[in-house]
Amino acid sequence: MKSFVIQKQIAISPRKLGLICDLVRGKTVMQAQTILLNLDKKGAPIVLKLLNSAVANGTNNFGMNIANEYILDILANQGTIVKRTMPKAKGSASLLRKRHSHLSITVSDDINDKLSLHKKPNGKTKVAKKVIKTATTHKTQVIKHKELPEIKTSKKTIEAVPVKEEIKIAANIEKEEEGGNK
């Protein structure tokens with residue numbers, strides 16, 4: 001089940017609230033509450049209060065278990081902008097924009113919703129690309145996941161060996177032997 005709460009016209013800019021939202025997005029409710037309690041920002045108590053409201057709505061209205069709940073979605077959108085003036089030198093005035101925010105939180109306890117957070121909206125998966133740097137030219141070549149050619153330069157031979165999600169680059173330096181002497 002999902003529990004959705006929204007609070008409008010909060011007297012803090014959406015940019016400041018957005019930083020707090022990024023810290024707790026996708027976390028469990030317990031982790032988010034711990035982060036918000038220890039965070040020294042103006043908007044942290046506001047987000048914590050709304051999160052507690054979403055958790056209370058979920059447990060009372062839908063019978064959700066607090067141990068399984070996590071933050072599915074949290075957004076800080078722009079609200080109204082109240083314009084004020086501040087007096088300046090020589091009789092002029094500058095404009096002050098007092099920004100307000102709309103904060104919405106969606107809490108869920110369904111594991112399938114959590115898995116859908118990692119998928120792209122169009123249903124396509126990401127293509128893994130590997131980056132190999134050549135030793136002499138310092139240019140970067142982007143090579144697809146299955147194509148791993150051997151790159152030869154005049155001084156070094158670089159082999160690309162895939163290991164899990166990374167590429168280990170093994171450089172073998174060829175030494176020229178002059179006249180067969182070691």
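The face of helix α1 that is turned away from its buried side carries the exposed residues Arg15, Lys16 and Leu19 in this predicted model. Within α1, which spans residues 14–24, the buried positions are Pro14, Leu17, Gly18, Ile20, Cys21 and Val24. These residues cover an arc of only 165° around the axis and therefore lie on the same side of α1. The partners against which the buried residues of α1 pack comprise two helices, α2 and α3, and three strands, namely β1 (2–10), β2 (70–87) and β3 (93–108). After α1 comes Gly26, whose phi is positive, near 85°.

A comparable analysis was applied to helix α2. Val29, Ala32, Gln33 and Leu36 are the buried residues given for α2. Viewed down the axis of α2, its buried residues fall within an arc of 100°, so they line one face of the helix. Packing of the buried α2 residues involves helices α1 and α3 together with strands β2 and β3.

The pairing of α1 with α2 was examined next. The two axes come within 9 Å of each other and cross at roughly 140°. Because an angle over 145° would be needed for a roughly antiparallel arrangement, α1 is classed as oblique to α2. The crossing in which α1 passes α2 is right-handed. On the α1 side, Ile20, Leu23 and Val24 make the contact, and on the α2 side it is made by Ala32, Ile35 and Leu36. Classified by residue type, this contact of α1 with α2 consists of six nonpolar residues, with no polar and no charged ones. Ile20 and Val24 of α1 thus appear in the contact with α2 and are also among the buried residues of α1. Likewise, Ala32 and Leu36 of α2 take part in the contact with α1 and are listed as buried.

Helix α2 (residues 29–38) also packs against helix α3 (residues 44–61), at an angle of about 155° and with the axes 9 Å apart. With the limit for this class set at over 145°, α2 and α3 are therefore roughly antiparallel to each other. Their crossing is left-handed. Helix α2 contributes Val29, Ala32, Gln33, Leu36 and Leu37 to the contact, while α3 contributes Ala44, Val47, Leu48, Leu51, Asn52 and Val55. By class, nine nonpolar and two polar residues form the contact of α2 with α3, and no charged residue is present. Val29, Ala32, Gln33 and Leu36, which participate in this contact with α3, are buried in α2.

Among the strands, β3 contains Thr106. The relative accessibility of Thr106 is 12%, and since buried means under 20%, Thr106 counts as buried. When residues up to four places away in sequence are not counted, Thr106 touches Lys2, Ser3 and Phe4, as well as Tyr70, Ile71, Leu72 and Asp73.

At the level of the whole chain, the model contains four helices and eight strands. From the N terminus on, these elements follow the order β-α-α-α-β-β-α-β-β-β-β-β. The protein chain has 182 residues, of which 27% count as buried. Among contacts in the chain with a separation of 6 or more, 57% are accounted for by residues 24 or more positions apart.

Conventions: Residues are numbered from 1 along each chain as its sequence is written. This is a predicted model: local features need pLDDT of at least 70, side-chain atom pairs count only at pLDDT 80 or more; totals for chains, interfaces and linings use all residues. Side-chain values use heavy atoms; hydrogens and water are left out. Axes are lines fitted to C-alpha atoms, for helices over the stretch in contact, and angles run from 0 to 180 degrees between N-to-C directions. Angles under 35 degrees count as roughly parallel, over 145 as roughly antiparallel, 65 to 115 as roughly perpendicular and the rest as oblique. A crossing is left-handed if the near helix is turned anticlockwise from the far one by less than a right angle, and right-handed if clockwise. Contact means heavy atoms within 4.5 Å. Ala, Val, Leu, Ile, Met, Phe, Trp, Tyr, Cys and Pro count as nonpolar, Asp, Glu, Lys and Arg as charged, and the others, Gly among them, as polar. Buried means under 20% relative accessible area, exposed over 50%, partly exposed in between (1.4 Å probe, protein chains only). The arc is that of the directions from the helix axis to the C-beta atoms.
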